[in-house]
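Here is a model to question. Each label gets set against its cut-off.

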Amino acid sequence: MLTRAFLLLAASLLPILRSHGEDVIPISDMRAAYLYNFVVFTEWPDNGRDTLNICLLPGQATLVNVRLLASKQINGRTLRIIEPMQRDTDECQLLYIGKATDSGTRQMLTRLAGSPVLIVGEGSQSQAMIQMNVENKRLSFNVDLVQSRRANLTISSKLLRLAKTVRKEDDGT
């Protein structure tokens, strides 16, 4: 199922890539595909909303090809991309923080601890539940199940099988 979902999204990218004459999928397109699949294979507590919101911090929208995500449907819910104003993340189900490490981001992440928001970062975001890494023009990801459980989120075993590493137990960090 996971492989099928990745393939479906990749297939939807082909016309765009061919029109630009590119042989390699741009990293911003790969990020969009990964974020989409992170949403597909994560369960949140029921919030009664008919949308799933992927939030991007101001200035992060250029890192993700948001056109590929706009208005997609996941389990009958519409996927929306938003930039929360003044880091107000109440509407977010997934928060992509990229490589942001400023004090405002750190404070926001501390405030979100235990909230049902899937935090996705890049590099060494210690509070991210899913950590994406770019290696040799390819994306890989690590999953922190300890933090996702604290947030009352369930990440599918199908996604976990594709992770480079999975942190399953609290090691005191």
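Q: Why is N136 called exposed?
A: N136 has a relative accessible area of 75%. Exposed means over 50%, buried means under 20%, and partly exposed lies in between (1.4 Å probe, protein chains only). So N136 counts as exposed.

Q: What kind of model is this, and which pLDDT limits apply?
A: This is a predicted model: local features need pLDDT of at least 70, side-chain atom pairs count only at pLDDT 80 or more, and totals for chains, interfaces and linings use all residues. Residues are numbered from 1 along each chain as its sequence is written, and side-chain values use heavy atoms, leaving out hydrogens and water.

Q: Where is N136, and what is the sign of its phi?
A: N136 sits in the loop between β7 and β8. Its phi is positive, near 50°, and N136 is not a glycine. Strands here are DSSP runs of E with at least two residues; helices are runs of H or I with at least four; both are numbered from the N terminus.

Q: Which other residue, in the loop between β3 and β4, is described in these terms?
A: N75 is in that loop. Its phi is positive, about 50°, although N75 is not a glycine. With a relative accessible area of 73%, N75 is exposed.

Q: How do you know that β7 and β8 pair?
A: Two strands pair if DSSP finds at least two bridges between them. β7 and β8 have six bridges, in the antiparallel sense. So the criterion is met. V134 stands opposite L139 in β8. The two strands form a hairpin with two residues between them.

Q: What makes β6 and β7 a pair, and in which sense?
A: They share three bridges, and the sense is parallel. E122 stands opposite M132 in β7.

Q: What is the strand order, and why are β3 and β10 called edge strands?
A: Eight strands form an open sheet in the order β3-β4-β2-β5-β6-β7-β8-β10, with mixed pairing. β3 (73-74) and β10 (165-167) each pair on one side only. β3 pairs with β4 (residues 77-82) over two bridges in the antiparallel sense. I74 stands opposite R77 in β4.

Q: What makes R31 and E122 a salt bridge?
A: The label needs a side-chain nitrogen of Lys or Arg within 4 Å of a carboxyl oxygen of Asp or Glu. The closest N and O atoms of R31 and E122 are 2.4 Å apart. So the pair qualifies. R31 is in helix α2, E122 in strand β6, 91 residues apart. Both residues are buried. The structure holds four salt bridges.

Q: How do you know that K164 and E135 form a salt bridge?
A: Their closest N and O atoms are 3.0 Å apart. K164 is in the loop between α5 (157-160) and β10, and E135 is in strand β7, 29 residues away. E135 has 36% relative accessibility, so it counts as partly exposed.

Q: What qualifies R167 and D144, and why are both called buried?
A: The closest N and O atoms are 2.6 Å apart in this salt bridge. R167 lies in strand β10 and D144 in strand β8, so the pair ties together parts 23 residues apart in sequence. R167 has a relative accessible area of 18%, so it is buried. D144 has 10%, so it is buried too.

Q: Why are the buried residues of α3 said to line one face of the helix?
A: The buried residues are T105, M108, L109 and L112. Seen down the axis of α3, they fall within an arc of 100°, so they line one face. The arc is that of the directions from the helix axis to the C-beta atoms. On the other side, Q107, T110 and R111 are exposed.

Q: What covers the buried residues of α3?
A: The cover includes β5 and β6. Contact means heavy atoms within 4.5 Å. After α3 comes G114, with a positive phi near 85°.

Q: How does helix α2 run relative to β7?
A: α2 (residues 27-40) runs at about 155° to β7 (130-135). Axes are lines fitted to C-alpha atoms, for helices over the stretch in contact, and angles run from 0 to 180 degrees between N-to-C directions. α2 lies across several strands, including β2 (51-56) and β8 (138-144). Helix α3 (residues 103-112) packs on the sheet, and its direction makes about 155° with that of β5.
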